[in-house]
Amino acid sequence: MCGIVGYLGDGNAYNVLIGGLHRLEYRGYDSAGIALVDKKGKLNVYKTMGKVSVLENFCKDKNVDSHIGIAHTRWATHGEPSDCNAHPHYSEDGNLALVHNGTIENYKVLKDALVEHGCTFHSETDTEVLVQLIEYVRLQNDCSLLDAVREALKQVIGAYAIAVIEKNNPDCIIAARKSSPLVVGVGDDEFYLASDASPFVEFTDNVVYLKEEEIALIRRHEPLKLYSLDNKENEIDVKKLEMSISQLEKGGYPHFMLKEIFEQPATLLDCIRGRVVDHGRIVTLNGVSDNRDTFINARRIVIVACGTSWHSALIGKYLIQDMCHIPVEVEYASEFRYSHPVLTPDDIVIAISQSGETADTLAAIKIARKMGAFVYGISNVVGSSIPRETHSGTYIHVGPEIGVASTKAFTGQVMVLTLLAMTIGELKKTLSPEDVAKLGNWILKLPSLVEKVLSLAPEIERLSLIYTYARNFLYLGRGYSYPVALEGALKLKEISYIHAEGYPAAEMKHGPIALIDAEMPSVIIAPKDHLYEKIVSNVQQVKARGGSIIAVVTEGDETIRNIADHVLEVPDVPECLTPIITSVPLQLLSYYIAINKGKDVDMPRNLAKSVTVE
Ligand code: F6R
């Protein structure tokens with residue numbers, strides 16, 4: 001949510017910053033802006049509503065000569081998307097420019113106090129309050145920018161990742177973070193700064209992830225320094241980045257979303273590598289086996305997540321209850337945190353998050369830790385906040401997911417949850433070694449089976465043309481296919497803006513069946529599992545009311561083929577692996593419908609990839 005980039009060195013700051021903003025655009029794309037100090041010491045701030053390409057055009061005839069700068073791509077929180085509300089914001093005297101990701105909760109109080117001191121404001125943002133506050137503190141105390149930032153941040157309640165530059169000291173960037181990510185790239189006598197490492201992956205692989213409430217002092221030709229808010233110097237832990245530039249490009253696909261859908265055979269392979277070995281006979285997640293007793297003795301598991309990750313959490317519930325006989329509750333992290341949760345030290349809380357930065361999920365983790373629960377994280381982004389806040393965990397290792405609609409991260413999460421349930425099941429002896437070996441062997445075959453499902457793409461593209469102009473959709477499934485229905489509906493609504501509801505198929509007769517008519521297509525996920533006969537009845541109930549049906553079925557299913565309008569056949573796999581197989585055609589269906597409607601699938605309206613605000 002909002003992307004920050006910064007550069008200080010001997011190179012061309014503008015080029016680094018614009019390139020970096022393009023990479024971070026997935027985090028928000030309401031407006032973009034850049035602040036540079038030129039060789040004559042002039043602070044130039046350029047900002048425009050719209051995407052980074054609009055800013056780039058705007059800057060074509062501007063003075064962009066600089067070796068230092070900060071830049072921002074915005075997902076609006078305070079104030080509508082506009083040129084004026086775009087970042088960077090600057091102090092009234094034009095000395096400081098600042099970019100910010102997060103929300104300053106007490107901005108109104110701070111703003112009122114600054115107005116009393118004579119400050120005037122031009123935007124509706126909380127960020128302008130912060131930059132004016134820092135400059136006010138600096139002038140009042142006649143102190144350095146570092147001291148001013150530190151003192152100002154002590155007055156702030158809320159979340160922030162910020163970068164500040166000063167016209168009168170163009171050889172320094174001050175950056176700080178609390179609850180919003182920030183990473184410094186340490187190059188050869190030059191520094192990069194960004195919300196994640198993608199903007200500078202081609203320049204350096206030495207990275208320093210800022211910790212909570214840490215301030216970075218970045219100076220030209222000087223080593224990086226880190227301080228705590230109470231002004232103690234912190235140690236610097238330089239990590240090696242494991243990310244390649246090809247992972248950040250479309251690789252010949254028209255959209256990141258399509259690329260990421262088609263990457264799934266490879267990402268599933270990466271996800272299971274080293275975890276399923278010896279022809280499937282050995283399945284281990286180290287994060288689980290390293291905490292053997294905790295998992296064996298768990299009284300209950302509570303899974304917290306948001307959005308798509310919450311859907312994989314629901315699948316996790318079925319997996320863990322089936323294989324480990326441990327009761328599992330699944331909660332929206334945003335509800336969990338305010339629900340006065342009751343946890344004990346023999347509860348395990350699993351937090352699932354692709355980005356590893358979702359504010360509600362992070363808050364839920366903090367509560368769970370405080371209450372003494374063991375907290376396990378499942379995340380994709382190495383070095384992100386959630387893996388650092390949890391006791392143990394697992395990376396899904398599916399590579400950077402750039403399309404805003406989650407696809408490969410969903411299947412990666414479900415895969416890890418499957419491995420997690422199998423590892424616990426074997427430790428608890430609720431699964432026999434034979435059970436593990438049989439399923440492990442199927443898991444090894446899964447990437448090539450997903451490849452087979454992807455060959456349905458041309459058929460799904462044709463099918464999508466029939467349904468492009470439907471105004472509503474129902475997605476129905478039972479058991480493991482119920483969360484798949486929820487996920488299918490979410491994918492459709494977020495990228496095509498068609499209203500879609502996911503339902504447990506049996507619940508349909510308790511209300512939603514009233515919606516069914518010739519105008520309301522239903523997508524029914526009906527693989528041959530232990531609920532197959534039941535879902536056939538649901539298919540018949542929809543047909544009997546004149547609804548059209550797209551059914552995702554197991555290869556060779558003649559029964560549903562004879563009832564449904566269209567069937568998409570997927571390979572037969574054990575029931576617990578069906579979500580990975582059946583979710584892929586639904587991803588493709590929503591992709592093609594959105595494309596037919598001319599929508600921007602990679603950057604759907606109003607959304608952002610990393611939701612670092614409440
Ligand atoms: C949907 C989607 C969102 C995210 C949600 C949680 O396609 O991407 O619903 O799943 O915002 O994000 P993470 O997993 O990063 O915590």
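Tutor: Buried means under 20% relative accessible area. Keep that cut-off ready. The model is predicted.

Student: Why does Cys-59 count as buried?

Tutor: Its relative accessibility is 2%. The cut-off is under 20%, so the word buried applies.

Student: How do you know whether Cys-59 is in a disulfide?

Tutor: Begin with the whole structure, where a search finds 0 disulfides. Cys-59 is in none: the nearest cysteine sulfur belongs to Cys-84 and is 17 Å away. A disulfide needs two cysteine sulfur atoms within 2.5 Å, so this pair does not qualify.

Student: What rules out a bond for Cys-324?

Tutor: Distance again. The closest cysteine sulfur, in Cys-576, is 11 Å from the sulfur of Cys-324. With a limit of 2.5 Å, that is too far for a bond. Cys-324 also counts as buried, because its relative accessibility is 0%.

Student: Why is Val-164 called buried?

Tutor: It has 0% relative accessibility, so it falls under the 20% mark. Val-164 sits in strand β7, residues 160-166. Beyond its neighbours within four places in sequence, Val-164 is in contact with residues including Ile-70, Leu-96, Ala-97, Cys-172 and Ile-174.

Student: How far is Val-164 from Ala-97?

Tutor: Along the chain they are 67 residues apart, yet their C-alpha atoms are separated by 5.7 Å.

Student: What makes a group of residues a nonpolar core?

Tutor: The members are buried residues from a set list, including Val, Leu and Ile, joined through side-chain atoms within 4.5 Å. The largest such core here has 94 residues. Ile-320, Ile-350, Phe-473 and Tyr-475 have the most contacts inside it. Helix α14, residues 408-428, gives the largest share, 12 residues. Another core lies apart from it, with 31 residues, among them Leu-146 and Tyr-160.

Student: What does Ile-350 touch?

Tutor: Leaving aside neighbours within four places in sequence, its contacts include Ile-301, Ile-320, Tyr-376 and Leu-420.

Student: Why is Thr-468 called buried?

Tutor: Its relative accessibility is 1%, so it passes the under 20% test. Thr-468 is in the loop between α16 (457-467) and β23 (472-477).

Student: What makes the link between Thr-468 and Asn-596 a polar contact?

Tutor: The two side chains meet at 2.8 Å. The limit for N or O atoms is 3.5 Å, so that distance fits. A polar atom of the Thr-468 side chain also lies 2.7 Å from the backbone oxygen of Ser-464. Not counting residues up to four places away in sequence, Thr-468 touches Ile-498, Ile-593, Asn-596 and Lys-597.

Student: Which residues surround the ligand most closely?

Tutor: The closest are Ser-309, Ser-353, Ser-355, Thr-358 and Glu-494, out of 15 that surround it.

Student: How do you know that Glu-494 makes a polar contact with the ligand?

Tutor: An N or O atom in the Glu-494 side chain is 2.5 Å from a ligand oxygen. That is within 3.5 Å, so the pair counts. For Lys-491, a side-chain N or O atom is 3.0 Å from an oxygen of the ligand. For Val-404, a polar backbone atom is 3.4 Å from a ligand oxygen. The protein covers 89% of the 400 Å² of accessible area that the ligand has on its own.

Student: Why is Lys-429 called exposed, and what is Asp-189 called?

Tutor: Lys-429 has a relative accessible area of 69%, which is over 50%, so exposed is right. Asp-189 has 41%, between the two cut-offs, so it is partly exposed.

Student: What is said of phi in Lys-429 and in Asp-189?

Tutor: Most residues other than glycine have a negative phi. Lys-429 is not a glycine, yet its phi is positive, about 65 degrees. Asp-189 is not a glycine either, and its phi is about 60 degrees. Lys-429 is in the loop between α14 and α15 (433-454). Asp-189 is in the loop between β9 (183-186) and β10 (191-194).

Student: Is the peptide bond from His-87 to Pro-88 cis or trans, and what is its omega?

Tutor: It is cis, with omega near -5 degrees. Most peptide bonds are trans. Pro-88 is in the loop between β4 (68-74) and β5 (89-90).

Terms used: Residues are numbered from 1 along each chain as its sequence is written. This is a predicted model: local features need pLDDT of at least 70, side-chain atom pairs count only at pLDDT 80 or more; totals for chains, interfaces and linings use all residues. Side-chain values use heavy atoms; hydrogens and water are left out. Buried means under 20% relative accessible area, exposed over 50%, partly exposed in between (1.4 Å probe, protein chains only). Helices (H or I, at least four residues) and strands (E, at least two) are DSSP runs, numbered from the N terminus. Contact means heavy atoms within 4.5 Å. A residue is near a molecule or strand if one of its heavy atoms lies within 4 Å of it. A polar contact is a pair of N or O atoms within 3.5 Å; within protein, one must be able to donate a hydrogen and the other to accept it, and residues adjacent in sequence count only if both atoms are side-chain atoms. Accessible areas come from the Shrake-Rupley method with a 1.4 Å probe; for residues, only the protein chains shown count as cover.
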